[in-house]
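Colleague: Could you take me through one helix of this model in detail, and then show me how a pair of helices meets elsewhere?

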Amino acid sequence: MTLRIGIVGGTGHTGGELARLLLNHPAVASLTPTARGGEEFDRVHPNLLGCGLSFVTVDELRRRADDLDVVFFCTPSGEAMRSAAFFLDHGAKVIDVSADFRFRDPQRYAEVYGGPHAAPQLLDEAVYGVTELHRERIARARLVANPGCYAITTVLGLAPLLRSGLVDLDRPLHLAAVNGTTGAGNKPVTDVMHAEAFASMLPYSLEGHRHAPELETHLAPLAGREPCVDMTTAHGNFARGIYLQASLSVRPEERAGTDRTALLDLYERSYADEFFVRVNTAPKKAGLNAKEYGVYPSLTAVTGSNFCHIGVDYDAARGFVRVIAVTDNLVKGAAGSAIQNMNVMAGLDERTGLHHYGL
């Protein structure tokens, strides 16, 4: 099988990462990214110098719609919903890396993003693109809503625990998440310039991050009811990556039988057949409160890869499970998971083009 690919929004970090990964994908026959302002591809993405790609306008991509198998949207919220139907009607499958199709309820979308949904008729058929959870539905889909980078890291990090019934859902799920500065986009912003962000942390959206409602919606089927997500976010002093640290209260009647060994066994069993999810099972060898950094996931270990690394521990005195999950926000958090979904939609091995490990 060969695939002809269009990328709407090819000038940003995610569009560039999609191009980088798809250029090495054995089933991709052609790749057409778009830009608005006549930009030169090699100047926008100098890491891909000499690859032979050039930007076209969105109008030109629409004229080529009959020749496309898959269209990715790497656009600000509000754009994919206005154009997805056009490409679907011309027979292409659509993978939206923005937030436009992550909520089935158009009112919930409007509450989170502040405006009405332009294509509510498509919401019911959009499949939420956590491949590890929705593989069979994705295989039959023509429209996939790729999760947010914080969201996919959290869903993978918490899914086994929520499915187990151990979590006290009468208490909030406390999430502290840090994103690389690429998560702020590529438009010039003084606060995230190197001179400002170096050796610093940049908290934002503490009034309620937009991924919290996304998580409440998509964690509900795992938990059996919609949880309350208490989420804080910041940009860290690194370019790419998601570092998630979660604290979840264990139900009082389950605390006596809970420890790190049991939790690791739960996670290992849950992800035994998942190539892109790895559980850090390194044993503890030192005494209480020893600083054994290697027993938890390292952010640098997943940089450049489509992997999610997960670690767990248990605070028995307080009844909290601690979950650490790390991903690359541009790969597993965006372009890589989108390609994983494309592979499943096309009937390919979902690892195709994504086998590489961290840098």
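Modeller: Sure, and keep in mind that this is a predicted model. Let's start at the end of helix α9: just after it, G224 takes a positive phi of about 95°. Now step back into the helix itself. α9 covers residues 211-223, so 13 residues in all, and its first and last C-alpha atoms are 17 Å apart, close to the 18 Å expected at 1.5 Å a residue. Even so, α9 has a kink of about 25° at T217, shortly before the proline P221.

How much of α9 is covered? Mostly covered is the answer, with 11 of its 13 residues buried. On the N-terminal side of the kink, the buried set includes H211, A212, P213, E214, L215 and E216. Further along, H218, L219, A220, L222 and A223 are buried too. As for what they pack against, the helices are α5 (106-113), α6 (131-140) and α7 (149-164). The buried residues of α9 also pack against the strands β5 (127-128), β7 (173-179) and β9 (229-235).

One of those neighbours, α7, brings us to the helix pair. α7 packs with helix α10 (residues 260-270) at an angle of about 110°, their axes being 10 Å apart. That angle makes the two helices roughly perpendicular. On the α7 side, the contact is made by G157, L158, P160, L161 and S164, and α10 brings L263, L266, Y267 and S270. Sorted by class, this contact has 6 nonpolar residues, 3 polar ones and no charged ones.

Technical notes:
Residues numbered from 1 in each chain as written. Predicted model: local features only at pLDDT ≥ 70, side-chain atom pairs only at ≥ 80, totals over all residues. Heavy atoms only, no water. Helix = DSSP H or I, 4+ residues; strand = E, 2+ residues; numbered from the N terminus. Bend = angle between axes of the 7 residues up to and from the residue. Buried < 20%, exposed > 50% of the residue type's maximum accessible area, 1.4 Å probe, protein only. Contact = heavy atoms within 4.5 Å. Axes fitted to C-alpha atoms, helices over the stretch in contact; angles between N-to-C directions. Parallel < 35°, antiparallel > 145°, perpendicular 65-115°, else oblique. Nonpolar A, V, L, I, M, F, W, Y, C, P; charged D, E, K, R; others polar.
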